[in-house]
Every structure is written in C-alpha cells, then in structure tokens.
Amino acid sequence: MHFRTDKLLHGGDYNPEQWLDRPDILEKDLEMLEQSGCNAVTLGVFSWAMLEPEEGAFHFQWLADIIDRLYERGISVILATPSGARPRWLAERYPQVLRVDAERRRSLFGIRHNHCYTSPAYREKTAIINRKLAETLGKHPGVILWHISNEYGGECHCPLCQEAFRTWLKNKYKTIDNLNSRWCTMFWSHTYQSFDQIESPSPMGEPYLHALNLDWKRFVTAQTADFLRHEIQAVREGGSELPVTANLMHFYKGLDYFKIARELDIVSWDTYPTWHKEAAAETAYDNGMCHDLMRSLKGKPFLQMESCPTSTNWQSVSKLKRPGVLLAQSLQAIAHGADGALYFQIRQNRGASEKFHGAVIDHYGGKDTRVFQEVCHTGRVLQDIHELTGSQVTSQVAIVYDQDSQWAMEDSQGPRNKGLHYHETLLKFYRSFRKLGLNVDLADMDCDIQKYKLLALPMCYMFKEGFAERVRSFVKQGGILIATYWSGIADDTDRCYLGGVPYGLMDVLGIRSMEIDGLYDWEENRFVPADGNALKMSRSYMCRNLCDLVELRGAEALFTYGEDFYKGYPALTRNSYGRGNAWYVASDAENKFYEDFIERVIDQSSIQRPVMERIPEGLEITTRETERMRYIIYQNFGAKPVLLPPVQGDAETLYGDPAEELSVYGLVIIKQNKQ
C-alpha cells in the first residue's frame with residue numbers, strides 16, 4: 001500500500017493527554033500549530049495507560065476529541081499503536097510480558113520496550129487495543145497513517161523466546177546434523193544432539209560460537225518483524241486500510257532494517273545528529289547517508305518522523321541548535337527523498353525523563369521564542385516547495401550495506417578486535433560520491449544491482465548464496481565494481497571460504513587475498529602511486545588499521561604499499577572483466593584517497609554528474625525527479641558562504657537565488673524540464 005500525501009508533512013509527536021486538565025493550553029497548542037505551518041501530528045505513542053487505564057476499560061473519547069479539533073484546523077493525524085510502553089496493570093497481571101536478559105534475569109516494570117515479543121499475553125493485549133483503536137478512529141478523515149509502536153528494539157531471552165528460537169532454527173536447518181555442520185560446532189566439542197539443547201548466547205554460557213550469535217540476531221529481527229505483522233494485522237481486523245510506518249533509528253545495530261521495512265508501507269526514522277561535535281559538513285554526510293539508507297529500504301519517499309527542534313536531553317551535552325540548523329536539517333531530509341520533516345516533540349513535558357528535551361513549544365509557552373520562530377520559518381519554506389512532494393531520488397551508484405556482515409565481522413575475533421571501522425569505511429565511499437553531487441543508494445545483497453552503473457562493496461565480509469554470481473554478471477555486462485579488503489571472507493553462517501578469497505570474485509578482480517595485517521592505532525602505511533598509472537594519480541596517501549596483502553592474478557597495480565615487509569605489494573588494483581572494470585582497495589586509506597580515486601573513476605565512466613565544476617567544500621547537491629521535472633537542491637553545510645556551480649542546461653528557480661552566494665545553512669532549489 002502506497003502512502004500518498006499532497007503536501008510535505010510538518011509537525012511532530014504531540015501528547016495532549018498530559019494537558020487534559022488545562023483546556024487553555026490545548027487551545028493555545030492548536031493555535032500555535034496552525035501558526036507554525038504544522039500540518040500533521042503523531043498521537044497516542046505512549047498513551048496506553050490513558051487509553052486503557054484498567055484491563056478492558058477503554059477511554060478513547062479524549063483522543064477522538066483531539067483528532068476532531070485538529071481536523072477542523074486542517075491538521076492531519078498519524079495515529080500510533082501504544083505498544084512501545086505498556087501500563088503497569090499489564091505487567092503486574094501478566095509478568096511473562098517483561099523481558100529476560102542474557103543472564104536470564106527478568107526485568108521489573110519500567111522504561112520503554114521492556115516487553116517480550118513472543119509472549120502470548122502481550123500479543124493478545126496489543127491486538128485488542130490496536131483493533132479497538134482501528135474500529136473507533138481508523139476511518140476518521142483526519143487520520144492519514146498508522147505509526148506502529150515506537151523505535152522497535154531489544155531482545156528477550158525468556159523460556160518462550162528460547163522455544164521460539166529453537167523452532168526458528170528447525171525451520172531453517174531442518175536437521176541437527178546440518179546445523180552442526182553449518183555452525184562448525186565440532187570446535188571446542190560443542191556438538192548438539194538435538195535442537196532442544198540449544199540456548200541463546202549468554203555471558204553465563206556460550207558467547208563464542210559465532211554462528212549461534214549471528215543466528216540469534218537474525219531471530220531477533222525475525223521475531224520483531226513477526227510482532228510488527230501481528231500489530232498491523234490487528235489494525236486491519238479493526239477495519240482500517242490506512243498505510244503503516246514504524247520509526248527506525250540511525251544505523252541501529254539491533255535489527256536488520258531491510259527485513260523490517262518489508263512489513264511497512266512507508267519507512268520513517270528518528271534523526272538526532274550532533275551538529276556541534278564536528279564540522280557541520282561531516283555531520284551532514286553521516287546524517288545524509290542514513291537518510292539515503294531509509295529511502296533505499298523501499299526505494300521510495302520516506303518520512304523524518306522525529307528530530308529535535310533544539311537540544312536533546314539524552315546526549316552527553318545538551319547543545320542548542322544554532323540559528324539555521326533546524327531548517328537545514330529538515331530540508332536535508334526533504335532533499336534526500338523525504339515527504340515530511342517532523343519533530344519530537346510539540347510541547348515540552350513538565351516532568352520525568354524528557355522534561356528538558358527540546359520542543360516546538362517550551363515550558364514558557366510563548367510564540368516569541370527563537371525556536372518557535374524557526375519552526376514557523378521552516379513551515380513556510382515547506383509550503384513554498386510543496387511541489388517536491390512525491391518526487392523520487394534515483395541513483396546511478398549503490399553502496400552495499402549488509403547488517404549480517406557487520407554483525408559477523410564485529411563478532412569474529414580478528415583481524416582487529418577493537419576498531420574495524422565498518423561504518424567509517426561506508427562513509428568514506430559515501431562522502432566521495434556525494435562530493436561529486438551524485439545521489440547514492442545503500443543496498444543489501446538481495447537488491448537488484450543491475451539497475452546501477454557502479455557498485456561499491458566496502459568490507460563486505462559475508463557473501464550470501466548467489467551474491468558473487470550476481471556481482472560477476474553485473475561487471476561482465478559493463479558495471480563498475482569497487483571492492484575492498486575483508487570482503488568475501490565467509491558464507492552466510494560465518495564459515496570461512498576455502499580455496500581463496502574474495503570468494504567467487506578472484507577472477508573478476510584479478511587478485512587473491514593472501515594475508516591481512518592488523519595495525520595498531522599508532523601505526524600507518526602509505527599508498528604509493530605506480531609510474532604512469534591509468535588514473536594519472538601522482539601523490540601518496542596514508543592508510544591505517546588493516547592492510548590486505550594480495551597477489552596479482554591478471555589485475556594491474558596502480559598503487560603499492562610504501563612501508564613494512566610488504567612494501568611494493570599491490571594496494572589498489574584494476575581488472576577488466578567482460579565489458580566492465582573491477583577495482584580493489586587493499587587497505588583503509590584516508591578520505592582524500594577515496595575522493596581523488598573515485599572522482600577519476602567517475603570521470604572515466606558514463607555516470608552523469610549534475611554539475612561538472614568542482615563543488616565547494618561543504619556544499620551538498622541532491623537531485624529529486626518526477627516524470628517531467630528534475631529538482632536540484634543545494635545546501636551549504638560548510639563554514640563560509642559559497643558560490644554555486646552552474647548546472648548543465650536551462651533551469652528556473654523554485655527557492656532561493658542561485659546567482660548569489662549561498663549562506664551557511666542556506667538553501668537553493670532549481671528545477672529543469674526533462675522533456
């Protein structure tokens with residue numbers, strides 16, 4: 001089911017139940033929402049104790065009244081299921097709903113997400129309230145979308161989950177002999193005689209059987225997805241056919257989001273970048289990469305469901321957003337394919353955990369605050385550029401981001417047990433493509449790679465069945481492949497490949513990885529250019545952390561190592577295969593290497609860039625498209641104003657002035673007719 005909106009959504013999480021005894025505040029909230037251009041709010045995320053204060057006693061009228069009043073003012077509602085935090089009566093009457101940790105201790109009542117997704121009691125009670133919410137409010141004309149639970153995460157090791165895990169393993173492996181073989185349980189004499197002997201990983205028991213750890217994480221994703229389906233099914237049984245979303249988090253390691261996203265109609269996520277910790281441009285690359293992940297999960301527009309209008313309360317330092325950052329962050333989401341930029345929260349709580357978390361309306365409650373005025377400005381800009389709604393971001397370039405590989409290699413005890421820097425390696429590729437103005441998809445191993453012109457495999461440790469064959473076909477048919485060290489090392493149960501690696505791609509890449517050297521934090525090596533190399537690169541580059549020692553099997557070396565006993569070994573190679581080219585980066589090189597290398601690869605390819613001139617430092621260029629129009633969005637996350645490089649072809653202005661210097665955190669949007 002596709003989520004359609006005719007406007008860019010602006011608003012956020014609203015908790016009117018906290019103010020039911022203050023009708024004056026509720027009325028003022030509505031007035032301020034309207035003034036700020038907020039056109040959508042999320043209701044009911046943590047409202048279970050108000051909706052069902054006692055088992056079977058449902059109080060929905062207050063919620064219905066609020067939805068009516070919002071609708072009268074043209075403000076839409078994203079209606080949440082309340083499973084993110086259960087009421088006390090539920091935990092007291094059905095203690096099995098509380099989670100058990102890896103040391104087999106059951107939690108007390110409290111916090112959020114302290115509940116077992118396997119528990120029949122929890123499933124029954126969530127189904128009842130979801131169904132009743134859908135029956136009562138699911139067809140209200142003001143409700144446009146379901147927000148399922150809140151920031152799914154965590155795991156439970158209770159007896160119910162242990163049994164569900166064993167069933168999941170039986171379905172996957174069929175026989176215990178097959179599981180023993182795939183898990184390599186002969187090591188340390190850990191062979192199982194039956195599935196009934198298997199327990200989840202625990203510091204009190206087995207933490208070093210890597211395939212067990214990996215499959216447990218997969219099971220947690222599967223069980224979370226199953227609970228998500230259970231929640232959605234109850235909504236459907238209640239008669240609501242509205243699309244559904246669930247708010248995801250920044251590169252969250254606890255779940256495989258590609259699998260979670262299959263259950264959703266639209267992806268949304270909660271973004272809380274620390275703009276104050278480093279240069280804004282570096283924060284923008286990291287935040288932008290996660291936007292692109294969320295868009296790539298389903299290949300269509302997403303929502304920024306939460307962001308903070310000012311400072312958070314849970315980061316190490318509650319740093320204010322400087323003037324202009326709120327707009328810049330909201331518009332970065334839109335640039336990368338979002339159809340909405342919303343906040344947490346609308347009105348600041350008076351007490352408990354999030355009383356000092358930033359909000360559109362603070363404790364003072366006035367319209368004259370700096371933050372409220374910036375929210376109003378953001379609302380006006382979103383209205384001015386509303387024609388972007390529904391347009392798509394298309395990419396010629398994809399980076400493979402594989403959660404299974406990250407789980408496995410960070411658990412595998414070598415070649416570096418502290419600091420594999422997987423995320424940083426992804427980011428080096430990403431920022432190099434983005435500095436050329438290229439849109440980037442983050443894809444998993446199940447995606448259609450044939451639709452791209454260039455595929456990057458940074459530290460793609462685990463090759464799933466059939467993936468190497470699809471990559472071979474991609475390159476053979478003319479694709480560009482850039483792979484790195486520590487790729488194609490193990491299969492999908494973390495068994496190391498025999499016969500040479502990168503598995504299935506040695507002839508495509510024209511190399512074989514022989515050994516890999518883990519460097520201490522204070523060690524470094526150098527990439528030294530080969531004389532007359534095909535890329536015409538002439539400077540040396542520093543590399544650290546991991547150095548792969550490869551032998552050439554048909555490839556040419558464009559760079560070699562400059563130090564240590566492997567001085568002169570290949571560090572960057574190129575090989576022709578079919579109609580395509582395959583590159584291999586053998587070490588964790590500095591950012592500047594990736595920027596220079598990738599720019600030359602792109603310039604020698606058929607990949608089209610939106611601008612050909614060098615893009616000023618900190619300037620982000622992103623493109624959205626419809627069948628007829630192309631929108632080119634400029635944002636300045638640099639430290640000083642910049643002049644915009646011109647686009648190719650005729651263009652008209654949608655927002656801002658492309659002829660003037662673009663201020664820090666400034667925005668310009670131009671559009672071109674594609675026909």
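Strand β4 (residues 143–147) is mostly covered, with four of its five residues buried. Buried here means under 20% relative accessible area, exposed means over 50%, and partly exposed lies in between (1.4 Å probe, protein chains only). Strands (E, at least two residues) and helices (H or I, at least four) are DSSP runs numbered from the N terminus. The model is predicted, so local features need pLDDT of at least 70 and side-chain atom pairs count only at pLDDT 80 or more, while totals for chains, interfaces and linings use all residues. Residues are numbered from 1 along each chain as its sequence is written, and side-chain values use heavy atoms, with hydrogens and water left out.

**The sheet**

β4 belongs to an open sheet of nine strands with parallel pairing, in the order β5-β4-β3-β2-β1-β9-β8-β7-β6. β5 and β6 (247–249) stand at the edges with a single partner strand each, so one side of each has no neighbour in the sheet. Two strands are taken to pair if DSSP finds at least two bridges between them. The table lists pairings, with one bridge partner pair for each.

| Parallel pair | Bridges | Residues opposite each other |
|---|---|---|
| β3 (residues 76–80) and β4 | four | A80 and H147 |
| β4 and β5 (residues 244–245) | two | W146 and V244 |
| β1 (residues 9–13) and β2 | three | G11 and A40 |
| β2 and β3 | four | A40 and S76 |
| β6 and β7 (residues 268–270) | three | N247 and S268 |

A40 of β2 appears twice in the table: its partners are G11 and, in β3, S76. In a regular strand the side chains alternate between the two faces of the sheet. Strand β2 (residues 40–43) is covered on both faces, with A40 and T42 buried on one side and V41 and L43 buried on the other. β2 also closes a right-handed β-α-β unit that is made with β1 and helix α1 (residues 23–35). A crossover is right-handed if, with the strands pointing away from the viewer, the path from the first strand over the helix to the second runs clockwise.

**Helices on the sheet**

Which strands of the sheet does α11 touch? Helix α11 packs on the sheet against β8 (302–306) and β9 (338–343), and its direction makes about 150° with that of β9. Helix α12 (residues 370–384) packs on the sheet too, touching β1 and β9, with its direction at about 145° to that of β1. Contact means heavy atoms within 4.5 Å. The axes are lines fitted to C-alpha atoms, for helices over the stretch in contact, and angles run from 0 to 180 degrees between N-to-C directions.

α11 (residues 325–335) is mostly covered, and 11 of its 11 residues are buried. Among them are V325, L327, Q329, Q332 and A335. Just after α11, G337 takes a positive phi of about 115°.

**Cysteines**

A disulfide is counted as a pair of cysteine sulfur atoms within 2.5 Å. By this rule the count is zero disulfides. C161 is in none: its nearest cysteine sulfur, that of C116, is 3.5 Å away. C161 is buried, with a relative accessible area of 4%. For C447, the closest cysteine sulfur is in C460, 11 Å away, which is too far for a bond. C447 also counts as buried, at 15% relative accessibility.
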